[in-house]
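Notebook open, coffee ready. I want to look things up in this structure one item at a time and jot down what I find.

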Amino acid sequence: MSNLEVDPVEQVCVDDPAAGVQVLEPRLVPLGGPRAMTVRRTLPQRQRSLIGAWCFCDHYGPDPVSGPAAGGRAAMDVPPHPHTGLQTVSWLFQGEIEHRDSVGSRAWIHPGQVNLMTAGAGIQHSEVSTDATEWLHGVQLWTALPDAHRGTAPFFEHDEPEPVRVGAATLRVFVGSLAGSSSAVTTFSPLLGAQLDLPAGGEVALPADPGWEHGLLVDAGEATLQGARIARDELGYVPVGASELRIAAGDAPLRAILLGGEPLGERIVMWWNFVGRSHEEIVAFREQWQREVIAGDDPDGRFGHVDGWDFALPAPELPNLRLRPRD
Ligand code: MN
């Protein structure tokens, strides 16, 4: 095969260490409701749907949620809503959130703790920032369950990982394992999620599995990732092939979320709070939610009931087109 350009340009080909790093910009998404908080969403987006099985990355705050600074807005107040085929992973930098779900869990989450909910075949949950919260700041991540496990019965887990030092970095491994630290929560495909802190000017080289892809979401400061600059609120993506992740802080301390995983290798369909494998399956999940919970026909069905609530979020209308898979 030959290059068919009639006027080929000269290209300098060097071994650029930043090559292959993709910088994903967040888009602002209001969570809905009159006092809606706005989140910065970096996954999914047009350029990228998945990092390993990580399929959703919402980053929010610091937002004032009480007192004069809040001006009556920005509390997290999300009534019961369903999930299927995924895990929700909540991690806070500031604040307190109360979680309730239809398997009977009632749990609070604080900075340094992880709440992981495996939705499996179907669950519903509520998430409300508490009155004790003045500032809310954190991430909500989802993992797509592999096909073999997405029908599993739903369950909820909570953990508080011990911080570990690797060179200048402090890591809090809340999903998977890194640097001898392992999270206690369940994963269904090879995955990593960790908070990474570096002092101003600090740098670290972390061992990486070349079969994995990785992402670094910058929460505070700015990062250099494999030589590429990642600004605050951006998500830097490193494709498979790296045996080491070289991360450096700028002039300010760096706080970031490190994600990694083996490519899922499956086509998924995401719509609203559901992950499925086809348009028809999503339509069926939506109809079941509306029938069981919103119309109240079968409160003991797939999605169960959340104690303390007599209200749940109705599903939006489906778009007037076929939902297409992402891979
Ligand atoms: Mn949710």
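**Ring cluster.** I started with the aromatic rings and found that ring pairs link W271, W272, F274, F285, W289 and F303 into a cluster. My rule for a pair: rings of Phe, Tyr and Trp (its six-membered ring) count if their centres lie within 6.5 Å, with planes under 30 degrees apart called stacked, over 60 edge-to-face and the rest tilted. By this rule I get 9 aromatic pairs. One of them is F274 with F303, a tilted pair with 6.3 Å from centre to centre and 40° between the planes. That pair links distant parts of the chain, since F274 is in strand β26 (residues 274–276) and F303 is in the segment after α1 (279–294), 29 residues apart. Helices (H or I, at least four residues) and strands (E, at least two) are DSSP runs, numbered from the N terminus.

Next I looked at W289 and F303. Their ring centres are 5.4 Å apart and the planes stand at 90°, so I write this pair down as edge-to-face. W289 lies in helix α1 and F303 in the segment after it, so the pair ties together parts 14 residues apart in sequence. Are these rings buried or exposed? W289 and F303 are both buried, and F274 is buried too. Buried means under 20% relative accessible area, exposed over 50%, partly exposed in between (1.4 Å probe, protein chains only).

**Ground rules.** Note to self: this is a predicted model, where local features need pLDDT of at least 70 and side-chain atom pairs count only at pLDDT 80 or more, while totals for chains, interfaces and linings use all residues. Residues are numbered from 1 along each chain as its sequence is written, and side-chain values use heavy atoms, with hydrogens and water left out.

**Charge over a ring.** I also checked for charges over rings, which needs NZ of Lys or CZ of Arg within 6 Å of the ring centre and within 35 degrees of the ring normal. R48 fits: its charged end sits over the ring of Y237, 3.6 Å from the centre.

**Metal site.** Which residues coordinate the manganese ion? I found H81 (NE2), H83 (NE2) and H125 (NE2), at 2.1 to 2.2 Å. Donors are N, O and S atoms within 2.8 Å of the metal (3.2 Å for Na, K and Ca), and water is not among the atoms, so sites may look incomplete. Along the chain the donors follow the spacing H-x1-H-x41-H. H81 is in strand β5 (residues 77–83) and H125 is in strand β10 (residues 123–129), 44 residues apart. Both H81 and H125 are buried.

**The sheet around it.** Those two strands turn out to be partners: 5 bridges join β5 to β10, and they run antiparallel. Two strands pair if DSSP finds at least two bridges between them. The bridge partner of H81 in β10 is H125, and P82 has Q124 as its partner there. β5 has 6 of its 7 residues buried, so I call it largely enclosed by the rest of the structure.

I then traced the sheet: 4 strands form an open, antiparallel one in the order β5-β10-β7-β8. β5 and β8 (106–109) are at the edges with a single partner strand each, so one side of each has no neighbour in the sheet.

**Strand β9.** How many residues of β9 (residues 114–118) are buried? I count 5 of its 5. V114, L116 and T118 are buried on one side, and N115 and M117 on the other, so both faces are covered. β9 pairs with strand β6 (residues 86–94) in the antiparallel sense over 5 bridges, where W91 has V114 as its bridge partner. β9 also pairs with strand β12 (residues 155–159), antiparallel over 5 bridges, and there M117 stands opposite F156.

**Another sheet.** I found a further open, antiparallel sheet of 4 strands, in the order β18-β23-β20-β21. Its edge strands are β18 (203–207) and β21 (228–230), each pairing on one side only. Inside it, 3 bridges join β20 (residues 223–225) to β23 (residues 244–249), and L225 stands opposite I247.

**Cysteines.** Last lookup: a search of the whole structure finds 0 disulfides, a disulfide being a pair of cysteine sulfur atoms within 2.5 Å. C55 and C57 are buried, C55 at 0% relative accessible area and C57 at 0% as well.
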